[in-house]
There are 2 protein chains.
Amino acid sequence: MLKQETLSKNQQIVLDYIEKVNEPIKAYSILHNVQKKGIKAPLQVYRALDKLVEIGKIHKIESRNAFVACKNSSCQLSKATAFSICESCEEVSEISDNKLSKYLKSFQDKAGMKFKKYNLEFFGLCKKCSIK
Amino acid sequence: MLKQETLSKNQQIVLDYIEKVNEPIKAYSILHNVQKKGIKAPLQVYRALDKLVEIGKIHKIESRNAFVACKNSSCQLSKATAFSICESCEEVSEISDNKLSKYLKSFQDKAGMKFKKYNLEFFGLCKKCSIK
DNA sequence: CTTATTAATGTTATATTATTACACAATGTT
DNA sequence: AACATTGTGTAATAATATAACATTAATAAG
Ligand SMILES: [Zn+2]
Ligand SMILES: [Zn+2]
Ligand SMILES: [Zn+2]
Ligand SMILES: [Zn+2]
C-alpha cells in the first residue's frame, strides 16, 4: 500500500482545481482560477505544484510548461511517465502501458546507469485531428 | 543522403557556439556569448534556435530549457530524441540506441496514432556522480 | 532582368514562467 | 517544552520566450 500523503490547504486547493479541469493547465492559469480560494501569489501555486509533482499526484508536461493530474496510479509516483501530445489541438493523454515501462526500465538497467525516472513525450496528431 | 541546409549568418553563429561548448546551454547564455558577433537581442537567438531545432542540428532539453548540439546524425532530424540527464552535475548525453528507437517507433505504430516524433529524458546519476 | 514570394534580420517592447529572500505559523518528534 | 520540518504570506525580481512592425536578403518564376 502506498503512503497516503496528507495535503496542506494550498496543495489541496491546487490539486482539486487540476483534477477538475482534467487537462494540462499552466501555473498562472491555476493562479487566476484559485484566487477566490485565497491563493494570491505565484509562489503559493509553484510550491503546491512542486509538492504534488513530488508525490506523483500530478505531472509536468515539460514541453508545454503545463501540469496535469495523474491518471495512472501505477506510474510509480511520477518516476516513469509517458504522454502523447497532439500538436494540433494540444490534447494530452497519459500513456499507461506495462510493456513500455518495463522496456524502458530494463533499458536503464542495461545502460548501467542509476536512473531514477524518465519522461517520454510523443508528438503528433490525435485521432480527431488526423481525420480533418 | 540528407539534405544539407545552408545556414544563415545568425544561425551559423549560434550553431558554432553551441557546438563549441558541447554541453546544454541556455538561450540567454548563448546571447551573452555571441554578442561580440553582432547578435544583440533574444529574438535573434530564439529564431536561430527554432530553425536549428527544426533541421535537427540541435535539440532542446525540455526539462532544462537548454539546447545541445546533435551528436547523432541518425536521430532522424530531431524526430526521435533520447537523453540521459544527471540530476547532480546536470551532465546530459544523447542516447543513440537503434533498438530503443525501433521499439518506440513500433510502439507509436501499434497505438494507431500518427506520431511524428518523440522525446525521452532519463534522469538519475551519471557514473561520476554515482561513485561520490 | 523584373516581379513576386519566401526567409531572415533588426529593434523595441512586452508576455510568460519561475525563483530569491525573508518573516512567520503550523505540525510532528523527542 | 524544545527542536526540527514543513508550509504560508508577501514583495521583489530573475529567467525564459514571444508579439509587432519595419526592413533586407535570397529564391523562384515569368
Ligand atoms: Zn501518472
Ligand atoms: Zn488533436
Ligand atoms: Zn540528435
Ligand atoms: Zn553527474
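1. A quick word on terms first: a residue counts as buried under 20% relative accessible area, exposed over 50% and partly exposed in between, using a 1.4 Å probe and protein chains only. By that scale Lys71(B) is exposed, at a relative accessible area of 57%.

2. Please keep in mind that this is a predicted model, where local features need pLDDT of at least 70, side-chain atom pairs count only at pLDDT 80 or more, and totals for chains, interfaces and linings use all residues. Residues are numbered from 1 along each chain as its sequence is written, chains are lettered from A in the order in which they are written, and side-chain values use heavy atoms, leaving out hydrogens and water.

3. Back to Lys71(B): its place is the loop between β2 (66-69) and β3 of chain B. Beyond neighbours within four places in sequence, Lys71(B) is in contact (heavy atoms within 4.5 Å) with Asn22(B) and Glu94(B).

4. Now for the core. The largest nonpolar core (buried Ala, Val, Leu, Ile, Met, Phe, Trp, Tyr and Cys residues joined through side-chain atoms within 4.5 Å) has 22 residues. Those with the most contacts inside it are Leu100, Leu104 and Leu120 of chain A and Leu100, Leu104 and Leu120 of chain B. Elements giving two or more residues to this core are β3 (80-86), α4 (98-110) and β5 (114-125) of chain A, together with β3 (80-86), α4 (98-110) and β5 (114-125) of chain B.

5. Leu120(A) deserves a look on screen. Not counting residues up to four places away in sequence, Leu120(A) touches residues including Phe83(A), Leu100(A), Leu104(B) and Leu120(B).

Technical notes
Helices (H or I, at least four residues) and strands (E, at least two) are DSSP runs, numbered from the N terminus.
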